[in-house]
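The following exercises concern a single protein chain. Each sets a task and then works through a solution step by step.

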Amino acid sequence: MDRVQLVLLGLPILLFCSDVVTLFAPQPPAAPKPHRHPQPASGAFQPGDSSPYAADSAQVAVDGPGSGTTVELKFCASCSYKGNAMTMKRMLDTSFPGIHVVLENYPPPFPKRALGKMVPFVQVGAIATLMAGDQIFPRFGMVPPPWYYSLRANRFGTMASVWMFGNFAQSLLQSSGAFEVYCNGQLVFSKLSEQRFPSEFELRELIGNRLSESQIGKNLEKELVLDDEVESTHAHLSVST
């Protein structure tokens, strides 16, 4: 066996080992996000502050229009859709300050995932049959078929073809082709149904129409409470002077 044959034999084995390790290795835990305590800005109005200039420099702190809204972008990671998802996330963060956007992989159905995990074993079985078919077929009481000898005549080219088509089939089975958008748990856009990606303007309009009305009401109520506190502070300063 010359060097070329050794390379053609060792390369599929190396790729198979790397695929098996990647396929069954546990996902690394997500890095914990640092907890940041919000600090009031200098000069902002604090309840109970009775300084003469406190009311004049009062600032109303109201949550952004997207506060309380969670958007989930579930996409096919193996289809290289992450770039589209990041673009949509930046657009939503800019258009709706305070919105919470979650990026998540959308896996294929279970039958496709199961078949995708079986592909490496089929590849190894086909290569083992090609290499040792003279001993495998007689153990099952079978005579090696004619196509076996024709494939074995160019066994290294056949092994490379088996590995190439196997990897293609595995990639196809692991892809879902999905780009699903959920707003507060409700589906607002589905690439699986529409067979296309949403435009930035379309997604902005869809999310804008589904902003949480209850959160907007909370923001208005909070603004009214702060206004009442500012007015009471003004009245207290007027009486004291």
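## Exercise 1. A surface patch

Valine 122 lies in helix 3, which spans residues 110–139. The coordinates are those of a predicted model.

**Task.** Determine whether valine 122 is buried or exposed, and state which residues form a nonpolar patch on the surface.

**Solution.**
1. The relative accessibility of valine 122 is 55%.
2. Exposed residues are those over 50%, so valine 122 is classed as exposed.
3. Val122 joins Leu115 and Met118 in a nonpolar surface patch. Together, Leu115, Met118 and Val122 have about 290 Å² of accessible area.

## Exercise 2. The chain as a whole

**Task.** Describe the order of helices and strands in the protein chain, and state what share of its residues is buried.

**Solution.**
1. The protein chain contains 8 helices and 4 strands.
2. Along the sequence these follow the pattern α-β-α-β-α-α-α-β-β-α-α-α.
3. Of the 241 residues, 28% are buried.
4. The accessible surface of the chain is about 16,000 Å², and carbon and sulfur atoms contribute 62% of this surface.
5. Among contacts with a separation of 6 or more, 71% are between residues 24 or more positions apart.

## Exercise 3. Salt bridges

**Task.** State how many salt bridges the whole structure holds, and describe the residues that form them.

**Solution.**
1. A search of the whole structure yields 3 salt bridges.
2. One of them joins the side chains of lysine 89 and aspartate 93, with an N to O distance of 3.1 Å. Both residues belong to helix 2 (residues 82–95), and because they are 4 residues apart, about one helical turn separates them. Lysine 89 is partly exposed at a relative accessible area of 24%, and aspartate 93 is partly exposed at 31%.
3. Another pairs aspartate 134 with arginine 152, whose closest N and O atoms are 2.4 Å apart. This pair links distant parts of the chain: aspartate 134 is in helix 3, while arginine 152 is in helix 4 (residues 146–152), 18 residues apart. Aspartate 134 has a relative accessible area of 33% and is therefore partly exposed; arginine 152, at 24%, is also partly exposed.
4. A further salt bridge is formed by the side chains of arginine 196 and glutamate 202, at 3.0 Å from N to O. Arginine 196 counts as partly exposed at 35% relative accessibility, as does glutamate 202 at 22%.

## Exercise 4. A buried acidic residue

**Task.** Glutamate 180 is buried yet has no salt bridge. Identify the backbone atoms that its side chain reaches.

**Solution.**
1. Glutamate 180 is located in strand 3 (residues 179–183).
2. The nearest side chain of opposite charge is that of lysine 191, 7.4 Å away. A salt bridge requires a distance within 4 Å, so lysine 191 does not provide one for glutamate 180.
3. The glutamate 180 side chain does reach the backbone nitrogen of lysine 191, at 3.2 Å, and the backbone nitrogen of leucine 192, at 3.4 Å.
4. Beyond its neighbours within four places in sequence, glutamate 180 contacts several residues, including Glu72, Leu73, Lys74, Tyr106 and Phe189.

## Exercise 5. Positive phi values

**Task.** State where serine 80 and asparagine 184 are found, and give the approximate phi of serine 80 and of asparagine 184.

**Solution.**
1. Most residues other than glycine have a negative phi.
2. Serine 80 has a positive phi, near 60 degrees. Serine 80 sits in the loop between strand 1 (70–75) and helix 2, and is exposed at 60% relative accessibility.
3. Asparagine 184 likewise has a positive phi, near 55 degrees. Asparagine 184 occupies the loop between strand 3 and strand 4 (186–190), and is partly exposed with a relative accessible area of 39%.

## Exercise 6. A threonine in helix 5

**Task.** Characterise the surroundings of threonine 158, a residue of helix 5 (residues 155–174).

**Solution.**
1. Threonine 158 has a relative accessibility of 15% and therefore counts as buried.
2. The threonine 158 side chain reaches the backbone oxygen of asparagine 154 at 2.9 Å.
3. Apart from neighbours within four places in sequence, threonine 158 is in contact with Leu130 and Leu151.

How values were computed
Residues are numbered from 1 along each chain as its sequence is written. This is a predicted model: local features need pLDDT of at least 70, side-chain atom pairs count only at pLDDT 80 or more; totals for chains, interfaces and linings use all residues. Side-chain values use heavy atoms; hydrogens and water are left out. Patches are made of residues with over 30% relative accessible area and no salt bridge: like charges are joined within 9 Å, nonpolar side chains (Val, Leu, Ile, Met, Phe, Trp, Tyr) within 5 Å. Accessible areas come from the Shrake-Rupley method with a 1.4 Å probe; for residues, only the protein chains shown count as cover. Helices (H or I, at least four residues) and strands (E, at least two) are DSSP runs, numbered from the N terminus. Buried means under 20% relative accessible area, exposed over 50%, partly exposed in between (1.4 Å probe, protein chains only). Lys and Arg count as positive and Asp and Glu as negative; His and the chain ends are not counted. A polar contact is a pair of N or O atoms within 3.5 Å; within protein, one must be able to donate a hydrogen and the other to accept it, and residues adjacent in sequence count only if both atoms are side-chain atoms. Contact means heavy atoms within 4.5 Å.
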